[in-house]
Amino acid sequence: MRSRSIPGARGRVLPMTLFGDPVLHAPCEEVREFGPELVRLVEDMFATMYDARGVGLAANQVGRGSRVFVYDCPDDDDVRHVGHVVNPRLVSAEGIVLRGPEGCLSLPGLEAGVERYDEAVVEGFTVDGDRVRVSGSGFFARCLQHECDHLEGRVFVDRLSGWRRSRVLRKAARAPWGV
């Protein structure tokens with residue numbers, strides 16, 4: 001029997017912030033108050049991520065400029081990782097650099113090969129203010145790096161150059177939600 005509720009079970013689905021919105025392209029502010037509003041935001045973010053069928057979601061993707069992200073992501077061994085980090089810091093990204101397919105809930109339907117390290121460590125806090133350290137490898141490491149990028153005001157397109165970048169930007173411009 002579960003002793004805790006499923007993340008997002010009591011949350012509400014928030015509107016997704018799409019590519020081009022200024023909140024996605026600005027660094028997020030540190031969370032200074034830990035309390036019911038932060039707990040509610042994390043619950044809502046889980047509900048929104050699950051509704052969109054994502055594996056990670058940063059607060060600025062739902063229009064909040066706070067340094068918070070949630071995740072429910074497998075690693076390359078199909079081990080499921082579920083959690084959240086408040087005021088995360090990417091303390092290490094190392095190992096082999098791999099180019100792999102990457103998409104984003106704020107750029108629905110678009111994907112490109114993005115280079116990321118295959119190991120990552122993030123440190124931060126839980127909604128209760130407890131310190132947390134999250135280590136990931138493979139696809140989960142990619143997720144951690146992707147979400148930390150969001151909180152710095154970067155999207156995966158910012159890691160592309162040349163024809164890969166041009167192709168994604170053209171597709172974004174033609175998308176029904178396009179900029």
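E2 and strand E3 (residues 80-103) pair in the antiparallel sense over seven bridges. Strands (E, at least two residues) and helices (H or I, at least four) are DSSP runs numbered from the N terminus, and two strands count as paired if DSSP finds at least two bridges between them. The model is predicted, so local features need pLDDT of at least 70 and side-chain atom pairs count only at pLDDT 80 or more, while totals for chains, interfaces and linings use all residues. Residues are numbered from 1 along each chain as its sequence is written, and side-chain values use heavy atoms, with hydrogens and water left out.

**The sheet**

Five strands form an open sheet in the order E1-E2-E3-E4-E5, with antiparallel pairing. Its edge strands are E1 and E5 (131-137), each of which pairs on one side only. On average, and ignoring direction, neighbouring strands of this sheet are turned by 30° against each other. Axes here are lines fitted to C-alpha atoms, for helices over the stretch in contact, and angles run from 0 to 180 degrees between N-to-C directions.

Strand E1 (residues 56-58) is joined to E2 by three bridges and runs antiparallel to E2. Within this pair, Gly56 has Tyr71 as its bridge partner, and Ala58 stands opposite Phe69. Both of these E2 residues also have partners in E3: Tyr71 is bridged to Gly83, and Phe69 to Val85. The hairpin of E2 and E3 has five residues between the strands, and Asp78 there takes a positive phi near 65°. E3 pairs in turn with strand E4 (residues 111-125), antiparallel and over 13 bridges; Glu94 stands opposite Glu119 of E4.

Six of the seven residues of E2 (residues 68-74) are buried, so this strand is largely enclosed by the rest of the structure. Buried means under 20% relative accessible area, exposed over 50%, and partly exposed in between (1.4 Å probe, protein chains only).

**Helices on the sheet**

Helix H1 (residues 36-51) lies across E1, E2 and E3 and runs at about 40° to E2. Helix H2 packs on the sheet as well, touching E1, E2, E3, E4 and E5, and its direction makes about 80° with that of E4.

**Annotated positions**

An unreviewed UniProt entry places the feature "active site" at Glu147 and the feature "binding site" at Cys104, His146 and His150. The three binding-site residues span 47 residues in sequence, yet no two of their C-alpha atoms are more than 10.1 Å apart, so they gather at one spot. UniProt positions are given in the numbering used here, feature names are shortened, and annotations may be inferred rather than shown by experiment.

| Residue | Location | Relative accessible area |
|---|---|---|
| Cys104 | loop between E3 and E4 | 9%, buried |
| Glu147 | helix H2 (residues 139-151) | 3%, buried |
| His150 | helix H2 | 0%, buried |

Contacts (heavy atoms within 4.5 Å) are listed below without neighbours within four places in sequence. On those terms Glu147 touches Gly56, Leu57, Ala58, Gln61 and Phe69. Among these, Ala58 and Phe69 stand opposite each other in E1 and E2. Cys104 is in contact with Gln61, Leu110, His146, His150 and Phe156. His150 contacts Leu24, Cys28, Ala58, Asn60, Gln61, Cys104 and Val155.
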